[in-house]
Amino acid sequence: MTSNLQHALFPHLLLLVLPLLLQAWWGSCHPQCLDYKPPFEPQQPLLFCKEYSKFGCCDVEKDEEISVRFYSIMENFDSSGYATCAKYIRSILCQECSPYAAHLYDAEDANTPMRMLPGLCGDYCSDYWHQCRYTLSLLLEDLGGPQQFSNLTATIEEDRRRFCDFLELKDRQYCYPNVVSNAELNANLGIVREDPKGCLELCLEEVANGLRNPVAMIHADDGTHRFFVAEQLGYVWVYLANGSRIDRPFLNLTRAVLTSPWAGDERGFLCIALHPRFTTVRKAYVYYSVSVKKEERIRISEFTLSAHDDNQLDHSSERTILEVVEPASNHNGGQLLFGHDGYLYIFIGDGGRAGDPFGKFGNSQNKSTLLGKALRVDIENNDEGPPYTIPSDNPFLSEKEARPEIYAYGVRNMWRCSIDRGDPVTGRGRGRMFCGDVGQNKYEEVDLIVKGGNYGWRAKEGFSCYDRKLCQNSSLDDILPIFAYPHKLGKSVTGGYIYRGCQMPNLNGLYIFGDFMSGRLMSLKEDVNTGEWQYNEICMGTDQTCRFPRLINSYYKYIISFAEDEAGELYFLATGAPSATARAGVIYKIVDPSRRAPPRKCTIKPSPVKIKGKLIHFHPKEEFVINKKPTTTAVPTTTTRRTTTTTKTPTRRKSPIIIIKPPMPTRRTIRKPTPLPPATTEAIARKATTRETSPPTTRKTTRKTPPPPPTIKATIKATTATTIKPTTTTTTVQMATTPAPTTPTGYRTTVMTAALSRIAQTPIDTTSPTRRHGRPLQYPPSSTSQPLHQVYPSPSTTPQSPYWSQKPTATGYKPQINTTLLKSQEEKLRFGEKLDVTVEGNQVFKRPRGRGRKRGRRLRGGSVRLVSPDGLLDRGRVEIFLRGEWGTVCDDLFTSKAGTVVCRQLGFRMVLAVMKRAALGEADKSIRILLDDVECEGGERSLLECKRSKVGKHNCSHGEDVGVICG
């Protein structure tokens, strides 16, 4: 009976478990490009890698670059070879455009080496080996000199197992071509991810921290891309586009503002709005609580910009626009904004207490008072007359006893309103005004504000009746909210914005808002056909979803406000302690990790800002997802979602953690060979001449063909005579048991001959090449004991098929080849790592001893060096010589521009990566830290010319020693 019951229940259990398994499988998806950013839809269709025209990682320029590379490779083939191998070459090259390019290249972690070629599935790799295995050297050729790969390709091209060990990606879901053909995997590719409950998965970027209840964030719309952040205490701060804050406040009203330290106090500095033509009118308007003769009031004031500082208001210019007496300390409203009509809108609460108990119908339904209303006034040309005038089309001008300022009424305590910029293409929705209205006992609501509208309070709360007698009044004629939610989801709505930015096209038209009490992020999307609004909760993406540079997936619970910057990108302001004096406030930027805008579409160039005072640079405090390591410790400040309520467990913040990352990659340009000095060129020419006149190399190849299935053994004996030292190398290569097809084998001579001709015509570039997207690759020289410039690949001994075109070689030498590579060496080369190799010659590199003194020469102050535990010359910990001693540099504010100064000072052309947190070695305690907070523009001659702290002054440890990789 038990067995029968188990059999009966098994199908049902399978149906329950299967979605969870699929979700776990889908949760491992991470579409990402090689520049560490999400994929995108190119602005124009691709002509070569057409399959990625709708969504991928290539724009038209990158597509053309891949096309040029493809046709350059295919020049080595005749028509038959072209027909056989073109599809493989094209498919492999086009994987840079795949939305899963980062996974195919093992590049999802910015701190680990990339693969040199995309990961292939096992079956596809076997087919490729059978048909076109000898094209591997051509695919690798543009990543470094051909001589650097001759030993590798000559070794593994003959062995299918080793060939596919080099190219195969073991993850069968994401290897090519499975990653393209998997319909389940690509079903929702490029749209906002949802969890099984329909929650939209987004990520965040920390923008500012250490704020005391940040209540508002605005921009000037003047091209500077500054933003202004108001704190409940009465400070307003200016932040520049680079995240730095000016140390002088834009406004300081702390002496006048009425507030207190206790959590939940609704009084204080509540809002600020800049004039729509701020660059010419130069006025700002503020909304704050004040006490006048022990009477609490709301004050709306006007300030004028200082004549001497564009980042500070003239505190003596305050002019009161409006004051409203508050009967209680709560429900103060607190929103100012300018509509597209140029008028100033003011949103005031109903006066406080509970249930709007004032008068017969309450303040909100009483049009003779300004409490519980949305007001509209005209503040233009008010310098000589009254502080404001009434717009001629205000809805209640002709109504007796109604205040003419009223634009809409019946509101309870509207907290955070916004105006829709409109669809960037069609303009649809432009000018709509959205507000969140905080509820009483049961519901929170979001309203669309229209002229003359009655929003029902206190007759209604959300869609339900609150005062039944008023609710049944046929003359109420109220406007219902576009959305209302019960208190099991949250108890204090914070109104948000409709997203109209450029960087995240998936979010266009999405109204994003939140709840102060529950910490819940929510969204509404309008159905343009029915006018109804669809609700979706927003949750933080998993570590895998948010694994992009600078992104985080946790936030503080108390969502105070929302904001948008000058470009239309969306932010929210939250705190971990809702007190006007607690420095627990953080500003977060909302990021969609599923899709971004095409490169260069959203580029902005902020106008310069004249600064008086000092800049306080931003340091993120939350740990970036990309830096997280597996741990059993709970992530701090995360949001726990449930079906009915959201709970928060306050935890202690971790100490500041700075991401260890390479510079943001740029698209690869065709790398030109670096010309060698004349002396070096002449030396190589002399060596080449010697080779041509030396006796020819004899080459004997013996092949034994035993009956299958025994393996085929090929013994290659090559003897090369040069003027330096004749070398004899004997190598035995184990080949695959399955013989390759006979038809496509003959093109190897063509391929290798083309490579040889390019070697002869191209001077050897001794500088370290870079990966096509900015990641450093260390290519190994030959594993022979001779210097690098004496190692050349060998022509193949594979018989040539009659239909493959043979290109004549441009050189007459018989080069040496070493086909012996250890398995560990192959693995290193696969990921672009440097092989351990002994190089002959009088190359002795010594560090200066003593206190910076070299023989016959004293070091100049500001000189730098790279200290590497491996003895590498192009990378290491940055040390600077100052005041007679060597010392380290802290990584705070140290960017690729500062790294460029260091590398150029050492004779390199550029910086490949800036490595933080002592990633390239930590100095011992005997070495002092000499520089901190180094900020360069990139053109300085030394770090001493950059912005920096005083010599020897720092707030870091050797665990933050900065290092660079030069190229």
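Here is a short walk through some of the strands in this structure, which is a predicted model.

Let's start at strand β4, residues 235-239. This strand is mostly covered, with five of its five residues buried. Buried here means under 20% relative accessible area. If you look at the two faces of β4, you'll find Tyr235, Trp237 and Tyr239 on one side, and Val236 and Val238 on the other, all of them buried.

Now look at what β4 pairs with. Strands of a sheet pair through backbone hydrogen bonds, either parallel or antiparallel. Strand β3, residues 227-231, runs antiparallel to β4, and four bridges link the two. One place to spot this is Phe227, whose bridge partner in β4 is Tyr239. β3 and β4 make a hairpin with three residues between the strands, and in this hairpin Gly234 takes a positive phi near 125°. β4 also pairs with strand β6, residues 251-252, again in the antiparallel sense, over two bridges. There, Tyr235 has Asn252 of β6 as its bridge partner.

Further along the chain, there's an open sheet of four strands to follow. Its order is β7-β8-β9-β10, and the pairing is antiparallel. β7 (269-274) and β10 (313-325) stand at the edges with a single partner strand each, so one side of each has no neighbour in the sheet. On average, neighbouring strands of this sheet are turned by 25° against each other, direction ignored.

To finish, zoom in on β10 and its pairing with strand β9, residues 295-305. These two are antiparallel and share eight bridges. Among the residues to look for is Ser301, which has Thr320 in β10 as its bridge partner.

Terms used. Residues are numbered from 1 along each chain as its sequence is written. This is a predicted model: local features need pLDDT of at least 70, side-chain atom pairs count only at pLDDT 80 or more; totals for chains, interfaces and linings use all residues. Side-chain values use heavy atoms; hydrogens and water are left out. Buried means under 20% relative accessible area, exposed over 50%, partly exposed in between (1.4 Å probe, protein chains only). Two strands pair if DSSP finds at least two bridges between them. Axes are lines fitted to C-alpha atoms, for helices over the stretch in contact, and angles run from 0 to 180 degrees between N-to-C directions.
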